[in-house]
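Student: I have a model open and would like to check the words people use for its features. Could we go through them one by one?

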Amino acid sequence: MKKKTPERDLSKRPTGFVFTKHTPKEQSPFDRLFEIFQELITHTSGDFDEAIDWLRQLDEEYELTTEDYTIDDFIEDLKAKGYIREEIRPDGSGSGDGKGSLKMSEKLERTLRKRALEQIFGKLKRNAGGNHKTKYTGRGDEQCGEYRNYQFGDALERISMTESLKNAQINHGVGDFHLTENDLVVEETMFKAQMSTVLMIDISHSMILYGEDRITPAKKVAMALSELITTRYPKDTLDILVFGNDAWPINIKDLPYLNVGPYHTNTVAGLQLAMDMLRRKRNTNKQIFMITDGKPSCMQLPDGRYYKNSAGLDPHIVSKCYTMARQARKLHIPITTFMIASDPYLQQFVDHFTEANQGKAFYTGLKGLGEMIFTDYENNRRKRLR
């Protein structure tokens, strides 16, 4: 005879939190050094030799390696895992086996973009759907959890059987159950919007002045945004341009190598190029994100000469910026400015610029820049911009 198991008294079951000792995740010597190396090579704009020099200095100070695993072993592992490659020089100079110099591989470039995404936006899951929701409902693409009565022409797969059967039971009772057209309900759907974005990055000399590295956070934001769009929203487009004395587009793979130059700030050229890029896009939803820390101080005259003035806000340059903002507004292209500066007169310029475009402006330091851009990007994709 099977022994009956006594029932447990659930009321006496212990409740609350159980605290245990934290056990840190074990990392291999390579993984520990690789975390530091990725940060260093981002700061050095892809200069492998300089990043390794910094890593050796940190090793001397903090004893990152052991006799069993040295920096040289780490370099060999980087080669073996495909993170770096040797570039042969015609004169035979370089650091790798006396034949060439060591450079980042495409694998390391992708790894840096993924790392930037995790650092700034958190570990977002890949979504093959890849499109933005809008505020408009109807016969769209994605279910939104709301219901409406069935209408002639609605696809049969849109009918919610659970809700329809519930309505039939309420309307006709269980004893005399039958389902009519009036009982049918359809789950509402939302249209998905595709977005074309141009990200403008200021690479004027002020981005590294006053002892503050502003270009590295901007570079990380660009890498994270590009990784987000290509993985989560593959139907969207992202173009990246940099502006100093002039403006020119760069590829996503060039982002880790981005550096500042001895440039003024030609905001007008950046806006002109951004609008030219967006004119060629078929998407209805278009936007410009501009990351800058300084005032516009340069523009190109009709005869090709450059007009520069770093002393305050030049009325001629500022007026041209306002004109470009109004042109973008006529094209239904909102401009969101992320201003990494706290000078009151610069904030006043951005206020007037934003008013001319009817866009948005964020006055932010380096901390939180990525989260702000991500939030604004997500919000814009949930609505039609024209």
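Tutor: Gladly, and keep in mind that this is a predicted model. Let us start with burial: a residue is called buried when its relative accessible area is under 20%, exposed when over 50%, and partly exposed in between.

Student: Why is C321 called buried or exposed, whichever applies?

Tutor: C321 has 0% relative accessibility, so C321 counts as buried. The limit is under 20%. C298 is buried as well, because its relative accessibility is 0%.

Student: How many disulfides does the structure hold?

Tutor: Zero. A disulfide would need a pair of cysteine sulfur atoms within 2.5 Å.

Student: What makes R115 and E35 a salt bridge?

Tutor: The test is a side-chain nitrogen of Lys or Arg within 4 Å of a carboxyl oxygen of Asp or Glu. Between the side chains of R115 and E35, the N to O distance is 3.9 Å, so the pair passes. R115 belongs to helix α4 (residues 106-121) and E35 to helix α1 (residues 29-43), with their positions 80 residues apart, and the pair thus links distant parts of the chain.

Student: Are those two partners buried or partly exposed?

Tutor: One of each. R115 has a relative accessible area of 14%, so R115 is buried. E35 has 40%, and therefore E35 is partly exposed.

Student: What does the salt bridge of E227 link?

Tutor: E227 pairs with R113, and their closest N and O atoms are 3.7 Å apart. This pair links distant parts of the chain too: E227 sits in helix α6 (residues 215-232) and R113 in helix α4, 114 residues apart. Both E227 and R113 are buried.

Student: And why is R305 called exposed or buried?

Tutor: R305 has 51% relative accessibility, so R305 counts as exposed. The cut-off is over 50%. R305 also forms a salt bridge with D303, at 2.7 Å between the closest N and O atoms. Elsewhere, salt bridges with shared partners join E35, E39, R115 and K220 into one network. A search of the whole structure finds 15 salt bridges.

Student: Let us turn to helices. How do you know that the length of α10 agrees with its number of residues?

Tutor: Helix α10 (residues 369-381) has 13 residues, which at 1.5 Å a residue should span 18 Å; the end C-alpha atoms are 19 Å apart, so the two agree. The expected span uses one less than the number of residues.

Student: Which residues of α10 are buried?

Tutor: They are L369, G370, I373, F374, D376, Y377, E378, N380 and R381.

Student: Why is L225 called buried or exposed?

Tutor: L225 has a relative accessible area of 0%, so L225 is buried. L225 lies in helix α6. Its C-alpha atom is 9.9 Å from that of K114, while the two residues are 111 apart in sequence.

Student: Now the empty space. What makes something a cavity and not a pocket?

Tutor: In a cavity a 1.4 Å probe fits but cannot get out, whereas a pocket is open. Two cavities of 30 Å³ or more turn up in a search of the whole structure.

Student: What lines the largest cavity?

Tutor: Its volume is about 50 Å³, and the lining consists of T267, M290, T292, G294, P296, T337, M339, F349 and V350. β9 (285-292), β12 (335-339) and α9 (344-357) each supply at least two of the lining residues. By class, there are five nonpolar, four polar and no charged residues.

Student: Which element gives the most to the lining of the second largest cavity?

Tutor: α4, with four residues. This cavity of about 40 Å³ is lined by T42, L112, R115, A116, Q119, K220 and M223. Three of these count as nonpolar, two as polar and two as charged.

Student: Last, which residues lie nearest the centre of the largest pocket?

Tutor: S206, L209, Y210, G294 and K295, out of 20 residues that line the pocket. The lining holds eight nonpolar, eight polar and four charged residues, and the space inside is about 370 Å³.

Key:
Residues numbered from 1 in each chain as written. Predicted model: local features only at pLDDT ≥ 70, side-chain atom pairs only at ≥ 80, totals over all residues. Heavy atoms only, no water. Buried < 20%, exposed > 50% of the residue type's maximum accessible area, 1.4 Å probe, protein only. 1 Å grid on protein atoms, 1.4 Å probe; cavity = no way out; pocket = protein on both sides within 12 Å on 5 of 7 lines; lining within 4 Å. Points joined across faces, edges and corners; volume = space filled by probe spheres on them. Nonpolar A, V, L, I, M, F, W, Y, C, P; charged D, E, K, R; others polar.
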